[in-house]
Amino acid sequence: MTTDPIADYLTRVRNAIKANHRVVEIPASNIKKEITKVLFDKGYIANYKFEDAGIDSSIKIALKYHPITKTSAIRKLQRISKPGLRSYSGTATMPRVLNGLGIAIISTSKGVMSDKEARLQNVGGEVLCYIY
């Protein structure tokens, strides 16, 4: 059992990208499923599949690479809010990653969403990670 499952999720994806894997399998939880949906909606991953096998449910993520240069769509994954130091942001202080080129994933009262969606819905929340 890990103390920070979101950091474990990001590390598994980061390691799979460095090893040029096409698919990465991650133990599932509700927050990880929501982060995966945001990554797919924003075009950072090619596809995903939730496999429910009782207690051993998992997420299979197909990573996205450029067809010619073979570089990943994800350049960097950075965990912001950690169990020892939570990071919260209101709508006025919502972070902009690479001046709008990247995304920040925010856990709000209306669900997990990107920073742009949180600004549109005028909600703040916990800044989980930056992705670019």
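## Exercises on a predicted α/β model

From the N terminus on, the elements of the protein follow the order α-β-α-β-β-β-β-β-β-α-β. Keep in mind that this is a predicted model. Here are five exercises to work through with the structure open.

### Exercise 1: Overall build

Work out how many helices and strands the protein has, and compare its radius of gyration with the globule rule.

*Solution.* Start with the elements: the protein has three helices and eight strands. Next, take the radius of gyration, which is 15 Å, while the globule rule gives 14 Å for 132 residues. The two values are close, so the protein is as compact as a globular protein of that length. Along the principal axes, the C-alpha atoms fill a box of roughly 40 × 40 × 25 Å. Finally, turn to the contacts between residues at least 6 apart in sequence: 60% of them join residues at least 24 apart.

### Exercise 2: Surface and charge

Describe the exposed surface of the protein and the balance of its charged side chains.

*Solution.* The protein exposes about 7,600 Å², and carbon and sulfur atoms supply 52% of that area. On the inside, buried residues account for 38% of the 132 residues. For the charges, count 21 positive and 11 negative side chains. The centres of these two sets lie 8 Å apart.

### Exercise 3: The nonpolar cores

Find the largest nonpolar core and say which elements each supply at least two of its residues.

*Solution.* A general point helps first: in soluble globular proteins, nonpolar side chains tend to be buried together. In this model, the largest nonpolar core has 25 residues, and V13, I61, L63, I105 and I131 have the most contacts inside it. At least two residues of this core come from each of α1 (5-18), β1 (23-27), α2 (30-41), β3 (58-63), β6 (103-108) and β8 (125-131). The biggest contribution is that of α1, with six residues.

Now zoom in on V13. Setting aside residues up to four places away in sequence, V13 touches V24, I26, I61, L63, I74 and L77. There is also a second, separate core of eight residues, with M94, I106, V123 and V127 among them.

### Exercise 4: Buried or exposed?

Decide whether S114 is buried or exposed, then do the same for I55.

*Solution.* Begin with S114, which sits in strand β7 (residues 111-114). Its relative accessibility is 0%, and the cut-off for buried is under 20%, so S114 counts as buried. Beyond its neighbours within four places in sequence, S114 is in contact with V38, K42, A104 and I106.

Then move to I55, in the loop between β2 (45-51) and β3. The relative accessible area of I55 is 80%; the cut-off for exposed is over 50%, so I55 is exposed. To place I55 in the fold, use A28: the two residues are 27 apart along the chain, and their C-alpha atoms are separated by 9.6 Å.

### Exercise 5: Positive phi

Look at the backbone of K70 and L98: what is the sign of phi in K70, and what is it in L98?

*Solution.* Recall the general expectation: most residues other than glycine have a negative phi. K70 has a phi near 60°, a positive value in a residue other than glycine. You will find K70 in the loop between β3 and β4 (77-79). L98, which is not a glycine, has a positive phi of about 50°. Its place is in the loop between β5 (88-89) and β6. As a last step, check the exposure of L98: a relative accessible area of 47% lies between the 20% and 50% cut-offs, so L98 is partly exposed.

Terms used: Residues numbered from 1 in each chain as written. Predicted model: local features only at pLDDT ≥ 70, side-chain atom pairs only at ≥ 80, totals over all residues. Heavy atoms only, no water. Helix = DSSP H or I, 4+ residues; strand = E, 2+ residues; numbered from the N terminus. Rg over C-alpha atoms; globule rule 2.2 N^0.38 Å. Buried < 20%, exposed > 50% of the residue type's maximum accessible area, 1.4 Å probe, protein only. Contact = heavy atoms within 4.5 Å. Areas by Shrake-Rupley, 256 points an atom, 1.4 Å probe, with all protein chains shown as cover. Lys, Arg positive; Asp, Glu negative; His and termini not counted. Charge placed at Lys NZ, Arg CZ, Asp CG, Glu CD. Core = buried A, V, L, I, M, F, W, Y, C linked by side-chain atoms within 4.5 Å.
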